[in-house]
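This report describes the fold and selected side-chain contacts of one protein chain. The sequence and the model are shown below.

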Amino acid sequence: LVEMYQNVQKSEQTWPWLDCAVEAPRSVADWNKEPIFVMLDEFQHVIEIKDESGISPNVLGRYQEAVESRRCPHLVTGSAVTLLTKDIIGRGSLFGRFRAIYIRGLEGYHVFEFCQKLGKQYGVEVNPEMSAELARRTGGNPFYLDCIFAGAERLGKNLSDIASVNEVISYELTQGAIWSELYRQL
């Protein structure tokens, strides 16, 4: 793999970089006879890769061999799930090689615990009542919770009362990270 990577560094083309990135995890897993778990987040950006001449390489076809290994399972996450169910799982060279599993948001105590950790990380106070309110308003989605705490830090707000929570959520939905992510997706 080191030799492959060194050769790729000399290349000015997209294909060798892509092949190295796609093949490396399974190669290591097979060589060591040890499982390696691969998590692909925001996979739609991989599909958008173009070479120097603007041509899209067959990224999906390149992943076929990489994902056909019990020793190297791939988990695809993020906003690409709809894209995957339509373009990858539902047809094409990778048809039938992935399973879609819906992962629900955090619940109850886990939201409270996550809010406490985010509060420490961002220097934002949050009380149990507002943690419960945030759980209800976000469905326990860790991404949204993180955005709200980051937004509270940016605004210099604590999440200790409903007015502050409403203000931060309003900010996040209209101009913050949640708005940015939804705008990018839609």
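## Helix α6

The expected span of a helix is 1.5 Å times one less than its number of residues. Helix α6, residues 108-122, has 15 residues, and the distance from its first C-alpha to its last is 21 Å, close to the 21 Å expected at 1.5 Å a residue. The model is a predicted one, and the values in this report are computed from it.

Which residues of α6 are buried? They are V111, C115, L118, G119 and Y122. Viewed down the axis of α6, these buried residues fall within an arc of 105 degrees, so they line one face of the helix. An α-helix has 3.6 residues a turn, so residues three or four places apart point the same way. The face of α6 turned away from the buried side carries the exposed residues Y109, K117, K120 and Q121. The cover over the buried residues of α6 includes α7 and α8, the latter spanning 142-155. After α6 comes G123, with a positive phi near 70 degrees.

## Overall architecture

The secondary structure of the protein consists of 10 helices and 2 strands. Starting at the N terminus, the order of elements is α-α-β-α-α-β-α-α-α-α-α-α.

The protein has 186 residues, of which 33% are buried. Among contacts with a separation of 6 or more, 64% are between residues 24 or more positions apart. The accessible surface of the protein is about 11800 Å², and carbon and sulfur atoms account for 54% of that surface.

## Buried positions in α2 and α7

L18 belongs to helix α2, which covers residues 14-32. L18 counts as buried because its relative accessibility is 7%, below the 20% limit for that class. L18 and Y63 are separated by 45 residues in sequence, and their C-alpha atoms are 9.9 Å apart in space.

T138 is part of helix α7, residues 128-138. Is T138 buried or exposed? With a relative accessibility of 11%, T138 counts as buried. Leaving aside residues up to four places away in sequence, T138 touches Y144, L145 and I148.

## Salt bridges

Side chains of opposite charge can pair when their charged atoms come close. A search of the whole structure finds 7 salt bridges. One of them joins D30 and R71, whose closest N and O atoms are 3.7 Å apart. D30 lies in helix α2, whereas R71 lies in the loop between α4 (59-67) and β2 (74-77), so the pair ties together parts that are 41 residues apart in sequence. Both partners are partly exposed: the relative accessible area is 29% for D30 and 30% for R71. D30 and R71 are also linked with R26 in a network of salt bridges.

A salt bridge within helix α7 joins the side chains of R137 and E133, at 3.0 Å from N to O. R137 and E133 are 4 residues apart in α7, which means that about one helical turn separates them. R137 counts as partly exposed at 34% relative accessibility, whereas E133 is buried, with a relative accessible area of 15%.

How far apart are the closest N and O atoms in the salt bridge of R154 with E172? The distance is 2.9 Å. R154 is in helix α8 and E172 in helix α9 (residues 162-174), so the salt bridge ties together parts that are 18 residues apart in sequence. R154 counts as partly exposed at 47% relative accessibility, whereas E172 counts as buried at 0%.

## Nonpolar surface patch

F37, M39 and L75 make a nonpolar patch of about 290 Å² on the surface. Of these residues, M39 is found in strand β1, residues 38-41.

Notes:
Residues numbered from 1 in each chain as written. Predicted model: local features only at pLDDT ≥ 70, side-chain atom pairs only at ≥ 80, totals over all residues. Heavy atoms only, no water. Buried < 20%, exposed > 50% of the residue type's maximum accessible area, 1.4 Å probe, protein only. Contact = heavy atoms within 4.5 Å. Patch = residues over 30% accessible without salt bridge, like charges linked within 9 Å, V, L, I, M, F, W, Y side chains within 5 Å. Areas by Shrake-Rupley, 256 points an atom, 1.4 Å probe, with all protein chains shown as cover. Salt bridge = Lys/Arg side-chain N within 4 Å of Asp/Glu carboxyl O. Arc of directions from axis to C-beta.
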